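Me: I have a chain open on my screen and would like to go through it with you. Could we begin with the fold and then move to single residues?

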Amino acid sequence: MAKITYLIPKPSSEGGMTAITKMFYEIGYFDNQQIFHFSTSYVSSNRAGRLVEFVGRFFFFFLHLVQVKPDAIFVMSNSYLGFYEKCFYCIIARLFGVRSMLNHVGGEFDKFYRKNWLTKFLVRIFVRFPNALLIGSTYWCNYFRSSFPKVTVYSVPNPIIADQYKNTNTRTETSSRFVITSLFRLVKEKGVYEMLTVIKSMCSQFENVEFVIIGGGPMLNDVYQALETDIKRGNVRVLGFVDDTTKIKEICACDV
């Protein structure tokens, strides 16, 4: 079996990237002696501290490549500075003859890419450092294939432990409410305004519909205010950030 090092953040319940790491640990993925976790999380909150961590991390990555000699590395990336940083790992891996896979999960990549001519120029260079891009959605897979035709792109959906989300209490009564649950960080780029438009429209047409909104973010108060009337009528519940137990319970209880 090939040795693979995963360059991903520490496990956590908040944020898509850290949640994937948490899932890997929950299923015992890193118990395999051929699979390694190299953390890319920062501890410091200030720039000076992060710069020290940045330099130190690359030093330890060099040691890891020398001591472990992995056959490939899997690097999870976002946009902006994080994209350049993760691509640096890929070029270092190339110097050691190690193949690299860059799994991009940032939803603002196009905004980042089109910032100015210099960013476009740099991205077109850096995106060639990995041996392949692994993209988790059809939309972004098509985006990268059309924007960077010389780059190898594979569609690889993000994993999930499906068993714990099985709905074993499916309602059959016609009088019961039809529950639609959403779970995402409440930022404009995720489609919050579009969601609010749909919710208001459906709540005005159907009495038996119920929307459950899960997730924190800078627009949480805006969502509360925009849906105040529907919340009072019992058609909407805004839960904000919740723990794993509540998240699983709400997902299993919904229809969509």
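Reply: Certainly. This is a predicted model, and its central topic for us is an open sheet of 6 strands, paired in parallel and ordered β2-β1-β3-β4-β5-β6.

Me: Which strands are at the edges?

Reply: The edge strands are β2, residues 35-39, and β6, residues 153-155; each of them pairs on one side only.

Me: And by how many degrees are neighbouring strands turned against each other?

Reply: The average is 25 degrees, with direction ignored.

Me: How many bridges join β3 to β4?

Reply: There are 6 bridges between β3 (residues 72-77) and β4 (residues 99-104), and the two strands run parallel. Within this pair, phenylalanine 74 stands opposite methionine 101 of β4. In general, strands of a sheet pair through backbone hydrogen bonds.

Me: Now the helices. What does α2 lie across?

Reply: Helix α2, residues 47-68, lies across β1 (4-8), β2 and β3. Relative to β2, helix α2 runs at about 165 degrees.

Me: Which residues of α1 are buried, and what do they pack against?

Reply: In helix α1, residues 16-26, the buried residues are Thr18, Ile20, Thr21, Met23 and Phe24. They pack against β1, β2 and β3. As background, an α-helix has 3.6 residues a turn, so residues three or four places apart point the same way.

Me: What follows α1?

Reply: Glycine 28 follows α1, and its phi is positive, near 70 degrees.

Me: Which residues other than glycine have a positive phi?

Reply: Lysine 69 is one of them, with phi near 55 degrees; tyrosine 80 is another, at about 60 degrees. For context, most residues other than glycine have a negative phi.

Me: Where are those two, and are they buried or exposed?

Reply: Lysine 69 is in the loop between α2 and β3. It counts as exposed because its relative accessibility of 55% is over the 50% cut-off. Tyrosine 80 is in the loop between β3 and α3 (81-95). With a relative accessible area of 34%, tyrosine 80 is partly exposed.

Me: Changing topic: which residues make the nonpolar surface patch?

Reply: Phe62, Val66, Leu95 and Phe96 make a patch of about 390 Å². Phenylalanine 62 is in helix α2.

Me: Why does phenylalanine 62 count as partly exposed?

Reply: Its relative accessible area is 36%. Partly exposed covers values between the 20% and 50% cut-offs, so phenylalanine 62 belongs there.

Me: What about glutamate 210: buried or exposed?

Reply: Glutamate 210 is buried, because its relative accessible area of 13% is under the 20% cut-off. This residue is in strand β8, residues 209-214.

Me: Which residues does glutamate 210 touch?

Reply: Leaving aside residues up to four places away in sequence, glutamate 210 touches Arg177, Phe178, Val179, Ile180, Gly234, Asn235 and Arg237.

Me: Finally, the whole chain. How many helices and strands are there, and what are the spans of the C-alpha trace?

Reply: The protein chain has 10 helices and 9 strands. Its C-alpha trace spans about 65 × 45 × 35 Å along the principal axes.

Me: What percentage of the residues is buried, and what area does the chain expose?

Reply: Buried residues make up 41% of the 256 residues. The chain exposes about 14,900 Å², and carbon and sulfur atoms supply 57% of that area. Among contacts with a separation of 6 or more, 70% involve residues 24 or more positions apart.

Key. Residues numbered from 1 in each chain as written. Predicted model: local features only at pLDDT ≥ 70, side-chain atom pairs only at ≥ 80, totals over all residues. Heavy atoms only, no water. Pairing = 2+ DSSP bridges. Helix = DSSP H or I, 4+ residues; strand = E, 2+ residues; numbered from the N terminus. Axes fitted to C-alpha atoms, helices over the stretch in contact; angles between N-to-C directions. Contact = heavy atoms within 4.5 Å. Patch = residues over 30% accessible without salt bridge, like charges linked within 9 Å, V, L, I, M, F, W, Y side chains within 5 Å. Areas by Shrake-Rupley, 256 points an atom, 1.4 Å probe, with all protein chains shown as cover. Salt bridge = Lys/Arg side-chain N within 4 Å of Asp/Glu carboxyl O. Buried < 20%, exposed > 50% of the residue type's maximum accessible area, 1.4 Å probe, protein only.
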